[in-house]
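Please read this short report with the model beside you. It moves from contacts to the core, then to helices and sheets.

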Amino acid sequence: MGGTLLALVLVFAGVVLLFKTVRMVPQGYQWTVERFGRYTHTMDPGLHFLMPVIYGVGRKINMMEQVLEVPSQDVITKDNAVVKVDGIVFFQVQDAAKAAYEVATLEIAILNLVMTNIRTAIGSMDLDESLSKRDEINTKVLNAVDAATHPWGLKVNRIELKDIQPPRDLVDSMARQMKAEREKRANILEAEGFRQAAILKAEGEKQSVILEAEGEKEAAFRQAEARERLAQAEAKATEVVSNAIASGNVQAINYFIAQKYIEAFKSLAEAPNQKFVMMPMESAGIIGSLAGIGELAKDALASQQAARAPAATPRSGG
């Protein structure tokens with residue numbers, strides 16, 4: 001009976017020693033090895049053998065990228081506005097030994113560093129800057145935290161602020177300010193539209209006056225040109241009639257005088273201030289006048305022929 005019990009004890013001890021000797025590190029982790037409590041080396045993922053009692057596993061470090069939620073905290077900006085800020089941190093262990101033995105409670109240390117640097121970054125900005133320059137805050141906090149955690153064997157990859165929430169009364173004040181600013185811009189645009197419309201209207205009236213003056217100028221020029229041509233035509237007609245009379249054509253002056261007489265009577269009859277026109281008009285008188293003018297023309301022609309006759313006679317006698 002005693003031999004059986006001893007055998008069971010030896011088998012149990014052998015199993016325990018086997019488990020203490022053979023160690024399998026999973027993927028994504030590294031284990032530190034200690035000899036009598038002192039760090040010696042790090043085991044990578046895979047199968048490993050350790051001498052029991054002398055060597056043992058110290059810390060099991062997660063080497064994958066990890067995510068930490070930064071809890072919401074109240075932060076005072078440069079202009080004394082209180083905002084609530086929360087965020088998220090992405091980090092990865094690069095050196096398992098440093099992460100295990102250089103700092104205690106690694107995650108708490110990272111959170112405290114991130115929250116402190118967020119307060120520092122936002123505290124150096126006004127409220128408007130902290131709301132509009134989130135990328136700048138992320139970069140500033142990331143650089144500070146990454147430099148501070150480097151001795152711990154960490155690499156901080158990203159720090160993102162999820163929400164920056166001002167107080168409710170400040171949000172309402174900002175909304176009223178934005179509304180007033182929009183109304184101001186709308187009023188400015190409306191006034192600019194009225195101004196532009198007035199300018200365009202004045203410009204149109206100016207162009208209209210200019211074009212009207214140009215039209216009147218052109219019309220006056222055309223009327224002067226027409227009067228000039230009419231005067232030239234009158235002079236030409238007078239010259240033609242004079243030449244016809246000089247050449248002995250009495251009918252030309254009769255036609256000229258009769259035409260002028262008829263035109264004068266037409267103008268008198270078409271006058272707008274006359275509704276009824278009475279005028280003694282005798283055809284015999286008109287014909288007699290024309291005949292008298294014709295006689296005068298004949299006398300003038302006979303005088304010219306008489307003046308030419310003495311000059312021709314001496315030439316024929318010689």
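Contact means that heavy atoms lie within 4.5 Å of each other. Take isoleucine 159. Leaving out residues up to four places away in sequence, isoleucine 159 touches Ile88, Val89, Val114, Asn138, Val141, Leu142 and Val145.

This is a predicted model, in which local features need pLDDT of at least 70 and side-chain atom pairs count only at pLDDT 80 or more, while totals for chains, interfaces and linings use all residues. Residues are numbered from 1 along each chain as its sequence is written, and side-chain values use heavy atoms, with hydrogens and water left out.

**The chain as a whole**

The chain holds 8 helices and 8 strands. Helices (H or I, at least four residues) and strands (E, at least two) are DSSP runs, numbered from the N terminus. Of the 318 residues in the chain, 22% are buried. Buried means under 20% relative accessible area, exposed means over 50%, and partly exposed is in between (1.4 Å probe, protein chains only). Now take contacts between residues at least 6 apart in sequence. Of these, 63% join residues at least 24 apart.

**The cores**

In soluble globular proteins, nonpolar side chains tend to be buried together. A nonpolar core is a set of buried Ala, Val, Leu, Ile, Met, Phe, Trp, Tyr and Cys residues joined through side-chain atoms within 4.5 Å. The largest one here has 36 residues. Val85, Val89, Leu106, Ile110, Val114, Ile118 and Ile159 have the most contacts inside it. At least two core residues come from each of strand E6 (66–76), strand E7 (82–93), helix H2 (96–101), helix H3 (106–123), helix H5 (134–149) and strand E8 (154–165). H3 gives the largest share, 9 residues. A second, separate core has 5 residues, including Val25, Trp31, Val33 and Met43.

**Two helices**

The expected span of a helix is 1.5 Å times one less than its number of residues. The table sets this beside the distance between the end C-alpha atoms.

| Helix | Residues in helix | Expected span | End C-alpha distance |
|---|---|---|---|
| H3 | 18 residues | 26 Å | 26 Å |
| H5 | 16 residues | 22 Å | 22 Å |

For H3, the two values agree. For H5, they agree too.

The buried residues of H5 are Ile137, Asn138, Val141, Leu142, Val145, Asp146 and Thr149. They cover an arc of only 145° around the axis, so they sit on the same side of H5. The arc is that of the directions from the helix axis to the C-beta atoms. Why might such a spacing work? An α-helix has 3.6 residues a turn, so residues three or four places apart point the same way. The cover over the buried residues of H5 includes H3, helix H4 (127–132) and E8.

Look closer at isoleucine 137, which lies in helix H5. Is isoleucine 137 buried or exposed? It counts as buried, because its relative accessibility is 0%. Apart from neighbours within four places in sequence, isoleucine 137 is in contact with Ala121, Ile122, Met125, Ser130 and Leu161. Methionine 125 is 12 residues away from isoleucine 137 in sequence, and 9.5 Å away in space, C-alpha to C-alpha.

In H3, the buried residues include Leu106, Ile110, Val114 and Ile118. The buried residues of H3 pack against E6, E7, H2, H4, H5 and E8.

**The sheets**

Two strands pair if DSSP finds at least two bridges between them. One open sheet has 3 strands in the order E6-E7-E8, with antiparallel pairing. E6 and E8 stand at the edges with a single partner strand each, so one side of each has no neighbour in the sheet. The twist from one strand to the next averages 20°. E6 and E7 are joined by 9 bridges. Valine 75 has valine 83 in E7 as its bridge partner. H3 lies across E6, E7 and E8, at about 40° to E6. Axes are lines fitted to C-alpha atoms, for helices over the stretch in contact, and angles run from 0 to 180 degrees between N-to-C directions.

Another open sheet also has 3 strands, in the order E3-E2-E5, and its pairing is antiparallel. Strand E3 (38–43) and strand E5 (55–62) are its edges, each with a single partner strand, so one side of each lacks a neighbour in the sheet. Strand E2 (residues 29–35) is joined to E5 by 6 bridges. Glutamate 34 stands opposite glycine 56 in E5.
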